[in-house]
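This report describes a molecular structure for a reader who is new to the subject. Please look at the sequence and the model before reading on.

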Amino acid sequence: MLRPLDAFDWRRKKVEYTYRFKEFRYILRQIKRSPLTIVGIGIIMLFFLTVLFAEWIALYPEDYHAVHMESVFQRPCLDHPFGTDDMGRDIFSRVVMGSRISIMVGCVVVFISFAIGVPLGMIAGYAGGKVSEFIMRVADMFMSIPYLLMALAVAAILGPNLRNAMIAISIPWWPIYARLARAQTLTIKNELYVWSAKAIGASEFRIIFKHLLPNCLAPLIVQSSIQFGQAILTAAALGFIGIGAPPPSPEWGLMVSTGRSYMPDKWWLTFFPGMAIFVTTLGFNLFGDGMRDVLDPRLRR
Amino acid sequence: MDRPIIEINELSTYFFTYEGVVKALERVDLMIWPNEIFGLVGETGCGKSVTALSIMKLIPSPPGKIVSGRILLDGEDLMPKNEKEMFRIRGEKIAMIFQDPMTCLNPVKKIGETMSEVILIHLRVSKKEALNIAAKSLEETEMPDPFFVLKQYPHELSGGMRQRVMIATALSLRPKLLIADEPTTALDVTIQAQILRLLKRLNGTFETSILLITHNLGVVAQLCHRVGVMYAGNIVEVGSVEDIFENPMHPYTLGLISAIPKFDENRERLKGIEGYVPNLINPPMGCRFHPRCRFCMEKCRTLKPPCKHGKKGHTVACHLS
Amino acid sequence: MSSLLNRTAISVENLVVGFRLRGFFLSEPRFLKAVDDISFEIGEGKTLGLVGESGCGKTTTGMAILRLVKAANGRILFRGRDLLTLSETEMKKLRRHLGVVFQDPFSSLNPRMMVEDILEEPFIIHGEDAGGDIRKRVETLLQLVGLSQDHIYRYPHEFSGGQRQRIGIARALALNPSFIVLDEPTSGLDVSVQAQILNLIHDLQERLNLSYLFISHDLSVIKYISYKVAVMYLGKIVEEGPTNEFFRNPCHPYSRALLSAIPTPSIKERKEPMVLEGKVPSIRNPPSGCRFHPRCPEKMERCREEEPKVIPIGPDHRVACFRSRR
């Protein structure tokens, strides 16, 4: 079904982008009304920049693994803004490098839960009846599993590493997306444009992907943002109890855990990674909440 | 009939939005006399609902604002009144009913509770007396079994019954003016006939004036004594119902009347009005209707048409007459 | 509005559409009939106006013809086949001959699709999307409905109600259908715009020899556009006849009440309408016998017990009422 590119397509692209741009500007205006959302966006941008330029920002990038027993437990100072830990490694650099682990966790967990939950939710919403009941009950079952137990079980069977931790977190989380997707689908499937598409003879496939999905996305994106922050937090918790990233990786939760034994004298071992977790999660939460208000179609235009 | 119950002079209401200033009402003049049913007619976006909200001073304050004009209720200017004073006036002197009664009735409260709440705000009576007043009001709106209805929830009633509840609530305090904003648009035709008949009867019995806002010219013809036609925030023609239907002077009024499919005519082409309703942020210069007007002249493009007073209160805002 | 041959475009026979309510505990599952045994025919190039108030089943009828809801019983004869017996694939092939126009204003067009996409979709679905040909056809469609070419790259919310409705009509015409179901196409539009759209619908019928099922609650619009009128009440057709005949001589008490209830925009005809008491009943608890009897000003004993059958009382004029005689 390839169509030859012609002059019209340029025009069309231009219009599409102008529309997107206008929508973007509208969203921007709405965002300006909520200072907290701006704070959230700021934090997230800072986070992404850190991830991108970790090697340049970190003062001692080699401290990912290296051991410098000669400079253990140094207080925060000019050379080591966050101090050093029990192996003499610069905490600032490790926090910065650890951001890459966090972003990976966030992306993987959100991706897996989204990829499982959204299609299932949409199918449940669209099909209704017994199919919907079945899927939702399965979702309920999964959602009742405490993620901690799940993580412990997976760790016991497959080994305690980060990859397994991420899988373990995604499993009880996909139902959240499924519920949301189903609710959205239920709302939209009775819109007249869906009936029109059916009347023309559109296949179910086409209806779901071309008509339902694009109109469902807004709340799903909001949810993903909040889940991103939660994923980082959860991975940190798992790292804290030792079934996430293994030492010596600079995963933030692991760093907090290591520093626990040296509290409260050598507070900087726990404090800075903990703040990193807190601030990043906060950023995603603020952004997600803010976007929820902005994208609410009832407040449109 | 010494003075009008409502007199509006040069009322202008603007909405200040990001995209610009929406001039929803521009120098509107209107008079409603005691005991009459006044129909305010116009299409979407012409400003009739905004007029009603302005009279009640219920315009949401950012972004809207009544920028100029006077609203006289029985001789008293409402503009300088503060919210507390307006609070007393709303319900007691002026009451309003809306198009969709479902959104005005609290779904988790019984009808009796909702109605007596309104009564208790304005009258110093006991709860029991308030319920009695409510039941009496319902009776007056031809509701069968009023005491039973008081114990029901809104979703248990049909659309027509809910609208009766709204009318009963509005009239329970015997206001001088009832504003009805598209009260029958969402109802079936046979139910609409019931409600319209009810409104006519109530106007006769209680001598309440009614400001009936609608886009349905048929309703206006059957019910109203006087009619005002609005277009894009201006009043373009006012007159008695006979004047408007038998001798319409403004081209817009003419256009509206000829656009309606009628029973007595045989199937010929309907005459629509060309063009679209203008954007009120940048309305056309001069007469706001001129881009769509068949009789547009040079001066219509630049000069605002003056209000010409014809005989017996028939006013037109047009350069033609 | 005449066709050369008096052929039938579509014929509906004994259509029943309903749904099953689950019974609670010991009570029987009930079957609610939204449409209860209705029959009518529409001639080629002609319009049948289907009229009734909310809950009468007119929209359901339209949906059943398009197989958007499942009919429980009956036959729908179109182009020599019974639509209710076809498989999905066979039905899809026939869908190009059927069109639908829904009520606007906001939800009949996908807000995230440009006009171009909306109008191309029918071609893509039916596999006719070879290269630049579609572009031409889309342009023709836009011309047909009175929209200009630069409207192609806009989104629905940028248009007014009347323009969106034109887009909906263009979409319905994409594959050259012979029959279109129009479900309240002008409700919700301003009077002046309604006139434009009705004129358009009328013109298209003449140009393209289309047959219409025009569903509306507004009798004045129906009078303008239909050659035959059918009145529905609570799932049944209570009266059906040629438009002129119907408006001159409505026989069923409900038809008369309906006509009388419409406020006419004319001073000369200021009348006391025949107002029906009571509220519109729901299909959950249909009255016994003649469904209209609780509100009928002319009811008799018999009306409570028996359901009247549809009997002809004039050329092409049928009524379901005990009071009418042949």
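The following paragraphs treat chain A and then two contacts between chains.

The model is predicted. Chain A contains 12 helices and zero strands. Its pattern along the sequence therefore reads α-α-α-α-α-α-α-α-α-α-α-α, where helices and strands are numbered from the N terminus. Along the principal axes, the C-alpha atoms of chain A fill a box of roughly 75 × 45 × 40 Å. Of the 301 residues in chain A, 41% are buried. When contacts in chain A between residues at least 6 apart in sequence are considered, 68% join residues at least 24 apart.

Chain A also touches chain C, and this contact takes 21 residues from chain A and 21 residues from chain C. On the side of chain A, helix H1 (7-32), helix H9 (192-200) and helix H10 (204-241) each supply at least two residues. H9(A) gives the largest share of that side, seven residues.

Chain C is in turn in contact with chain B, with 32 residues taken from chain C and 40 residues from chain B. Helix H6 (191-208), helix H7 (219-225) and helix H9 (253-261) of chain C each supply at least two residues of the side that touches chain B. Here the largest share of the side of chain C, seven residues, comes from H6(C).

The table sets out the two sides by residue class.

| Side | Nonpolar | Polar | Charged |
|---|---|---|---|
| Chain A, touching chain C | 12 residues | four residues | five residues |
| Chain C, touching chain B | 18 residues | nine residues | five residues |

Definitions and conventions: Residues numbered from 1 in each chain as written. Chains lettered and ligands numbered in written order. Predicted model: local features only at pLDDT ≥ 70, side-chain atom pairs only at ≥ 80, totals over all residues. Helix = DSSP H or I, 4+ residues; strand = E, 2+ residues; numbered from the N terminus. Buried ≥ 20, exposed ≤ 12 C-beta atoms within 10 Å, placed from the backbone. Contact = placed C-beta atoms within 7 Å. Nonpolar A, V, L, I, M, F, W, Y, C, P; charged D, E, K, R; others polar.
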